[in-house]
Each structure stands twice: as structure tokens, then as C-alpha cells.
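Me: I am new to this structure and would like to know what stands behind the words used for it. Could we go through them one by one?

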Amino acid sequence: MPSGVLATRAPAKVNLTLHVLGRRPDGYHELESLVVFAGAADRLELEPGDGLSLRIEGPTAAAAGPADDNLVLRAARHLAERVAFLRMGTFRLTKNLPAAAGIGGGSSDAAAALRLLASLNGLPADDPRLFDAARRTGADVPVCLDPRARMMRGVGERIGPPLDLPPLFAVMVNPRVSVPTPEVFRRLGRVPGDLGPPDHPAVPGRISAGDLVSLLVAGGRNDLEPPAIAAEPVIGTALSRLRALDGCRLARMSGSGATVFGLFDDCRAASRAARALRVAEPSWWVKATVFR
Ligand code: C5P
């Protein structure tokens, strides 16, 4: 078993589509979403040792809140309740992603913690206790355990097989506002035109980048976009800015916002767009990246 420091990336989770199918009796909403993972990521290290602790550093650490409440520790505790004599230690989280931003940063960090603990303790990646601990930690954590493109349904617990999607060149933008998820769901249905037709486009196992983008434009949407824009109009501004940039094929919000993304034909177009946006809006978080 490993004894040195273990490390892994915790990539941003992006909803290329997010269709709300209905409301359940418990108040939660049934979703259908095509999820991909970005090159933009946090980094998590685990130094094996006695007890369990977490240090948070990095450019967006201040927004991540106190370490005690962090999903990394919650995930570790949930796993420790399920696995006897679980070896743990000191986690060090380098936060690069904006927090509470609709890109599953906290969920991805929690899933990364479970992966590191699995590796430290010799648990196989498909150990059901990992999935259980992930689900107890948060609805978005299970899909982040093995961060590959997939369809996600229900409230996040029904996860499809990995999809062989082409890399998509993207710019992610966070206009430095945070919209509480419950508020976005509360507003859903009150904004005219915020629920589109029910069908989610079927995503074939193999598809070219051009065809995928056409499919996303024609049949995909994020139903949480209108209520999130109603709560924070700057999200609409960020989408308009992206759409106005040379070569932007699609601009959409991820999750319940406020992060939005633009898809571009190639890496150069995405880098150029990111540079232009940084000059125009120096206070926004802007990142050229690849979705897979
Ligand atoms: O999953 P999370 O705890 O971030 O969700 C926050 C709130 O968003 C929930 O309490 C619920 O009001 C709403 N929500 C929902 N349907 C979902 C996910 C979240 O209604 N699938």
C-alpha cells in the first residue's frame, strides 16, 4: 500500500445540457444532463497519517469557506463510517476553481478525496461503499468519482456509461457572482419560457466535435438559465459577451450558474476569445480549457 503523498486532479464538471423533467414529491427536481469534465481543475493531495484534517490554499481558497465544512472531510467521514480501520491523513486542497459556481468544484473535490482514500486503502474503484459515501456527500459527487463524459439522470444518482466524446475547446467564464441553487430552482417555472420541450437529444457513442456542437445547439439547453439570469442578470451579460466573440459556436450556463461556457472550433480561437474577454472584463474569472 502507498505510504508517500498521493495526489489527483479534481476537474470542473460542466453540464453541456441540463433538462429539468419534473418535480418530485420531496421537492427535488428530476434532471437529465450531459456532463463533461474540464481541463480546469482543483488539485488534492493526501499525506497518509493519523486522524483526518484538511488545509485549503490556492487562488480561490478564500471563497471555499471553512475547512471543517468542506465536502472533502464530509466524504472522508462518510467512507470511514462504511470501511473499518480506514487509513486517512492530511488532505491539502489547492483551489483553482470558483466556489458555488455551477461547475461542481466541491463535489469534484469530494470525489477526489474518495479516490485518494480508495487508493491508500487498496479499495477497488468499483467498491460500492465509495459510491454510497459519494451519494451521501452530495447529489453531484457520484458522477465525479470517475470523471468522464456521461449522461446523468434523476437527481444525479443514475449515471450512464462513459461516452466517447471528442474534445471540445471551451472558454469558461464566471462573472464573480454566486447564485444559491435553491433560489434558482425556486424561481423555475416563474420565468416565461424557462422550460423547453421535454426531449433530450440522444448522444451517440461516437460523434465528431462539429456534429456534437450542432446537436447541443439544436436540441440541448439548460433549463436553469432563465431563472438564474432573473436572479443575477450579469449571467445574461456573460453569455452575450461570449456569443459576440469570434468563432463562438454555443454559449450556455453550467449547473445552476453562475459559470457559463462558450464552445469554439479550435484551441486558438478559444485562447483568443479568453484573452479578449479578460481585457474587457478584468474582474471576471476566465479560463480557456478543453472539455472531455
Ligand atoms: O444538491 P444541492 O444541495 O446543492 O441542492 C440545493 C437545493 O436545490 C435543494 O435543496 C433543492 O431545493 C434544489 N434542487 C432541486 N433538484 C435537484 C437539485 C437541487 O430542486 N435535482
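Reply: Contact means that heavy atoms lie within 4.5 Å, and with that cut-off we can begin on this model, which is predicted.

Me: What makes Leu130 a residue with contacts, and which residues does Leu130 touch?

Reply: Leaving aside residues up to four places away in sequence, Leu130 touches Leu79, Leu114, Ala118, Leu123, Pro124, Ala125 and Leu145; since contact means heavy atoms within 4.5 Å, each of these pairs must meet that limit.

Me: Why is the set that includes Leu130 called a nonpolar core?

Reply: A nonpolar core is a set of buried residues of certain kinds, Leu, Val and Phe among them, joined through side-chain atoms within 4.5 Å, and buried means under 20% relative accessible area. The largest such core has 36 residues, of which Leu44, Val72, Leu79, Phe91, Leu114, Leu117 and Leu130 touch the most other members. At least two of its residues come from each of strand S1 (6-23), strand S2 (29-49), helix H1 (71-82), strand S4 (88-94), helix H2 (105-121), helix H3 (128-137) and helix H4 (141-145), and H2 gives the largest share, nine residues. Another core, of 30 residues, lies apart from it and includes Leu239, Val260, Ala274 and Leu277.

Me: How do you know that His29 makes a polar contact with the ligand?

Reply: A polar contact is a pair of N or O atoms within 3.5 Å, and an oxygen atom of the ligand is 2.7 Å from an N or O atom in the side chain of His29, so the pair qualifies. The protein buries 65% of the 450 Å² that the ligand exposes when taken alone. Around the ligand are Gly27, Tyr28, His29, Leu31, Val155, Thr181, Pro182 and Phe185.

Me: Why is Ala100 called exposed?

Reply: Exposed means over 50% relative accessible area, and Ala100 has 58%, so Ala100 passes that limit. Ala100, which lies in the loop between S4 and H2, also has a positive phi of about 50° although it is not a glycine.

Me: What makes the phi of Arg176 worth pointing out?

Reply: Most residues other than glycine have a negative phi. Arg176 is not a glycine, yet has a positive phi of about 60°, and is found in the loop between strand S7 (168-174) and helix H5 (181-187).

Me: Which residues does a cis peptide bond join?

Reply: Gly257 and Ala258 are joined by it, with omega about 10°, and Ala258 sits in the loop between strand S8 (248-253) and strand S9 (260-264).

How values were computed. Residues numbered from 1 in each chain as written. Predicted model: local features only at pLDDT ≥ 70, side-chain atom pairs only at ≥ 80, totals over all residues. Heavy atoms only, no water. Buried < 20%, exposed > 50% of the residue type's maximum accessible area, 1.4 Å probe, protein only. Helix = DSSP H or I, 4+ residues; strand = E, 2+ residues; numbered from the N terminus. Near = heavy atom within 4 Å. Polar contact = N/O pair within 3.5 Å; in protein donor to acceptor, adjacent residues only side chain to side chain. Areas by Shrake-Rupley, 256 points an atom, 1.4 Å probe, with all protein chains shown as cover.
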